[in-house]
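Colleague: Please take a close look at the aromatic side chains and how their rings are arranged. I would like one connected account.

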Amino acid sequence: MSQRQPHRQSLNSIERYDQPVKQIAALTRNDDSLSAREATRISLHAQVMRGPRLTGGPAALVHHLRGVQLDTISVLARSHELVAYARLGAVARKKIEAAYWGSTSATFEYWSHAACVLPIELWPAFAAKRRARTERGFRWHQLKDQKKSCAEVVQRLREDGPLTSRELGGAKKGGQWWDWSEIKIAAEWLLDTGTIVCRERRGFERVYDLAERAIPTELLSLDLDDETCANVLVDSGLRAMGVATAVDLAAYHGMHINTVRAALKAQPPREVRVEGWRDVAYLSAQAETGLRPGLHGRTVLLSPFDSLLWDRARLERLFHTTYRLEAYVPAHSRVVGYFAMPVLANDELVGLVDPKRINDTLRARHVVVNAPSNIDQIATALREAASWVGCENVALDRVTPTSSKKALLTSLSSKS
């Protein structure tokens, strides 16, 4: 593929944002069909982005979403904080940390869609993944002496209690970012295979502990076979999405599509056809509560690692627009920006914002406006995000289309 191809794809996404969103007329639905907009609203409700705010705070949110992705990139805030903010409003960041990794938290970290903080009740359901990782071997690193290094890590944790890799002896050899030390490789291998677990972070460093000590006995003692693990994770993903295809379900918890199809065949949920979707979809048990009259959605900036956006093909089906995170694209090839955040308004994506926090100013380095009617919504999302991260001002650099910049500045200055 040429170097120019990604650029053209990203440019097309901007061109689509410059056009008004096509209004999708809701179909008169029978028992086995949904309009495209109904599917979107069901999905937003399942993801706690439509309807009343979730009670129980960030702890309840992890349980409801069935996983929150973790990432090292921090622009306005770290991604796991942005996920909570999008759904709960201006929740204190310390409260989020306590819910995910505090002394009373009911979570653990593992590989799901990606590296995620997960509800502790899902620990048994990841047994099949732990067995598969054991059989497959190391991700990319190799240990010089696997038996000796792993035994050292286990002994240290048993004797000294939970420790970070730095406390164990250092995470890196001193070179490149992935130049892990022997101890770090051993600790991550033991985490992959379930001997140790991460249920705490200190300064965003993983704290390792023995699973036999950190996982509740009633969960540790459950030894689920591969089929049961698949059934639990498919049900978990469907609950979190509301309506989903088999491919969607495979992506949500990082499962093989054949495993998902077998689980769906063994325990078939309710099938539906969604307007514009090629594949058959499945409804969760309470999915249609998302269609109740009077429900409203959020107006908010979304993290690129938000579970609503995990699968880009699903995102396009739900919102009829394309999106690409350009953080891993060379700077000269970026079209929107390093960390472009989609703007959700009710049940539509109405633009993109590439933010940067500079002292007490949230600087929008590039704003892409879908349509003039969306300007006030984007301004609202910017003002509220700035307030949450402690910024007193919002500044605009580039706006696409340029004709929208003046109106957006006027809307930002409004206190309404």
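Modeller: What follows deals with the aromatic rings and the charges placed over them. This is a predicted model, in which local features need pLDDT (the predictor's confidence in each residue, from 0 to 100) of at least 70 and side-chain atom pairs count only at pLDDT 80 or more, while totals for chains, interfaces and linings use all residues. Residues are numbered from 1 along each chain as its sequence is written, and side-chain values use heavy atoms, with hydrogens and water left out.

The whole structure holds eight aromatic pairs, where rings of Phe, Tyr and Trp (its six-membered ring) pair if their centres lie within 6.5 Å; planes under 30 degrees apart count as stacked, over 60 as edge-to-face and the rest as tilted. One of them is stacked: Y85 and W388, at 4.4 Å centre to centre with 10° between the planes. This pair links distant parts of the chain, since Y85 belongs to helix 4 (residues 79-88) and W388 to helix 16 (residues 375-388), 303 residues apart; helices are DSSP runs of H or I, at least four residues, numbered from the N terminus. Y85 is buried at 6% relative accessibility, and W388 is buried at 12%; buried means under 20% relative accessible area (1.4 Å probe, protein chains only).

Y100 and W101 form an edge-to-face pair, because their ring centres are 5.7 Å apart and their planes lie at 90°. Both Y100 and W101 are buried. F108, Y110, W123 and F126 make up one aromatic cluster.

F204 has the charged end of R78 over its ring, 4.0 Å from the centre. R201 also lies over the face of F204, at 4.3 Å from the ring centre. A charge sits over a ring if NZ of Lys or CZ of Arg is within 6 Å of the ring centre and within 35 degrees of the ring normal.

Conventions. Helices (H or I, at least four residues) and strands (E, at least two) are DSSP runs, numbered from the N terminus. Buried means under 20% relative accessible area, exposed over 50%, partly exposed in between (1.4 Å probe, protein chains only).
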